[in-house]
Structures are given as structure tokens and as C-alpha cells.
Amino acid sequence: MGSIIGERVRISVYGESHGKSVGVVIDGLPSGIRIDADDIAAHMQRRAPGRAAWSTTRREGDVAEIQSGVYRGYTTGTPLCALIQNFGTRSEDYEDLKSRPRPSHADYTGSVRYGGYGDPRGGGHFSGRLTAPLVFAGAVCMQALHTHEIFVGGHALEIGGERDTGFDDVRLEPEFLRRLVRREFPVISDEAGERMKAAIEAARRDLDSVGGIVECGIVNVPAGLGDPMFGGLEVRIGAMVLSVPAIKGVEFGDGFAIARSRGSQNNDPIVYRDGAVHTATNHNGGIDGGISNGMPIVFRVVVKPTASIPKAQQTIDLETKEAETLVIKGRHDPCIVPRAVPVVEAVTAVALLDVLVSSSKY
Ligand SMILES: Cc1cc2nc3c(=O)[nH]c(=O)nc-3n(C[C@H](O)[C@H](O)[C@H](O)COP(=O)(O)O)c2cc1C
């Protein structure tokens, strides 16, 4: 574990924010997946910074260069390696952070963990930059999932307290998700999107940041996928999404709201419709006993407000142990949520493909 995850489809992510490159090796991919480079680039662009007013002005040039594992446009089945070069880094913005850790970033914990040898520039291996290779891996895995008609899509359900329309968790359709992932600002309701952008702008003006919730859905997952206990779909998807920097929690179906339901309200009635077993409601998010029941799988993750804010904060100097006031320089998003949407979708696709391949259902 660490920067490697997966049972049969395993990804190994490497790199530091201001090193030469970041990248991923995907091991155990089925052979014969058609690689659509334009589709991969489109996913990478959705994550890339500097595209809009609500994002940082930092330009990361997210272009994935495939090094191996693809021949004549199809996966070979041997390790697929892709690297993304780092451009436009401003390491001088991080000089201060070596001895004065940013509150609630990984500067202090990472430096203790690695005995001070870690690369502090841009957050090193703990940077959001490391989500670029995740999005690449996810885009490849999505192309494999599409051959099984399985689609993954997400949106910003909430930013700075402003809420989007939620998914219809019973009738979520592939075409709806496909349209959603093409949206510039990842919301269902444009009006909610405008309120969210205003909340982000207000936080930026206050030299602060805002967090929110990403809602993600997976459709056409056949019933019977997943294992009990430690191999359950909640565990496999949950481990992946909680690996994404800044994600602090995940809930499936109605999640924490279930605490206030009775069994008669939370149970999803089983019905037979159009020649297949369905449930009339989907409070349990398409998963029972860790195993898919054929309904859309729906979950939400909470994304914390960006830790690196320009507002003065309290820290200490690790060398002198004296209290210090920290004013963070550098270009940071006042809100990570819109850029986290494609990352959450991506790691979900990786987890699901791994479950499919591990259970010989691919
Ligand atoms: C797409 C994306 C971009 C991010 N960009 C930033 C950033 O610009 N500044 C920052 O402080 N944190 C950013 N983060 C979050 C940090 O990497 C994360 O908060 C840090 O590694 C500490 O980990 P934790 O929040 O999971 O505890 C980003 C996260 C994601 C998913």
C-alpha cells in the first residue's frame, strides 16, 4: 500500500509536484481496450487548473505521454505507463514552508513521516498535482467499463453551502451522466452553479477557501458484483475515494441521513420490472452486503476547503519552536470541489474495473 492500490488492476502513482514529472503505471489491465486519446485528454482538462475564474491561475499543462502498454491504439495487457511533465512550477513560493508547516496540509505530518527528507516544493507527493495521473488511469479504466455499458459520472452537489439538484438515484441514465461530464462547471442546475461560483468568489475576496460535496453515480453495474466483508464494493470504492487528497468522508445511498430513518423507510422494496429485479427506491445506494443489486450505485464525498489560503494563519517554526504567522504565497484554488469531480469519477472507475477483473466478470 502507500502509493500503490488494487487487487488485479493495480495502479502505482509516482512523482512530486515540482519534480520532473508525475505519472502512473497501471498493471493488470485487460488487453484490447481501445484507447481514445481525445477522451482521455478531455478528462485531464476537466481536472487541470487555470481554466476558469473559479480556479487557480497555475497552469499545469496536463498532457499524458503514454510510455508503454498501448500498441496500435489498444492496450496490450502489459503495464501501461503514462507520465505527465511538470511545467510552470514556482518553487520559490514554497521556500518558507520547509520549517513553517501549513496548517492542515501535509507539510508537518509528511516531514515527520519521512524524517525531513521529503520534497516540500508544492506539497511534494501530497500535492493535488498527483491527481492528474489518477484521472489518466481512470479515463483508461472508464474506456474498459464502457465496453460493459457501465458509466461513471459526478457533479458538485454542494459548494460553500450552496446546493445543486441531487441525482435521481432510481432512474439515473448513462446519457444523463455523459452530458454531465461534458459541462464546463460540473453541476446539474446552472442556477445552483452561479450561486456556487459566487460563494467561491466571496471566499477568494476574503483570502479564504470553501469546500463541498461531490456526488458520484455508476450505472449499469450488474447485480452480484463485489465480495462480502473486506471485499465489499463500499470498501473498494471507499478506499479509493478516501485516497484522494482533501476528501474527508464518504457516504453511500442516503448515508448519514439513514440514522434518522426507520427500517420501513430505509428498506428498498424489491420489484420486478421490464424483465429484471429492481428496487422501487434506492436508499442503500445500489449495494447490499457489499454486493451490487443492479440499481445505480450512488455515493457522496466531502471535500475540505483548500488548506493553502492567503489569509494569515498560525503555525510554528519547527526549528525554533516559536509561534509564527504564516501568509501562504503561491497559486491555490479557493475551492477544489469542481476539479475534484473528475478525480472522484476516475478513482471510482479504477476500483470498479479492478472488482470486475478480480471476479473474472470482465
Ligand atoms: C484536484 C485537487 C487539487 C488540489 N489543489 C490544492 C491546492 O491548490 N492547495 C492546497 O492546499 N491543497 C490542494 N489540494 C488538497 C491537498 O493536496 C490536500 O489537502 C493535502 O494533501 C492534505 O491531505 P488531506 O487534505 O487529505 O488531509 C488539492 C486536492 C485535489 C483533489
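The following exercises, each with a worked solution, concern a predicted model.

**Exercise 1.** Determine which residues of the largest nonpolar core touch the most other members, and which helix supplies the largest share of this core.

*Solution.* Begin with the core itself, which holds 83 residues, and in which Phe 136, Ala 137, Val 214, Ala 340, Val 344, Val 347 and Val 350 touch the most other members. Next, assign the core to its elements: helix α8, spanning residues 337–358, contributes the largest share, with 14 residues. Finally, take Val 347 as an example; leaving aside residues up to four places away in sequence, Val 347 touches Leu 134, Gly 138, Met 240, Val 241, Ser 243 and Val 244.

**Exercise 2.** Describe how helices α1 and α8 pack, and explain why they are classed as oblique to each other.

*Solution.* Two packed helices are described by the angle between their axes and the distance between the axes. For α1 (residues 37–47) and α8, the angle is about 135° and the axes lie 7 Å apart. Angles over 145 degrees would count as roughly antiparallel and those from 65 to 115 as roughly perpendicular, and α1 and α8 are therefore oblique to each other. At the residue level, His 43, Arg 46 and Arg 47 in α1 meet Arg 339, Pro 342, Val 343 and Ala 346 in α8. By class, this contact comprises three nonpolar, one polar and three charged residues.

**Exercise 3.** Characterise the shell of residues around the ligand by its nearest members, its classes and its leading element.

*Solution.* Of the 22 residues around the ligand, those that come nearest are Gly 128, Pro 245, Ala 246, Ser 308 and His 332. Sorting the shell by class gives nine nonpolar, nine polar and four charged residues. Helix α8 provides the largest share of this shell, namely three residues.

Definitions and conventions:
Residues numbered from 1 in each chain as written. Predicted model: local features only at pLDDT ≥ 70, side-chain atom pairs only at ≥ 80, totals over all residues. Core = buried A, V, L, I, M, F, W, Y, C linked by C-beta atoms within 7 Å. Buried ≥ 20, exposed ≤ 12 C-beta atoms within 10 Å, placed from the backbone. Helix = DSSP H or I, 4+ residues; strand = E, 2+ residues; numbered from the N terminus. Contact = placed C-beta atoms within 7 Å. Axes fitted to C-alpha atoms, helices over the stretch in contact; angles between N-to-C directions. Parallel < 35°, antiparallel > 145°, perpendicular 65-115°, else oblique. Nonpolar A, V, L, I, M, F, W, Y, C, P; charged D, E, K, R; others polar. Near = placed C-beta within 6 Å.
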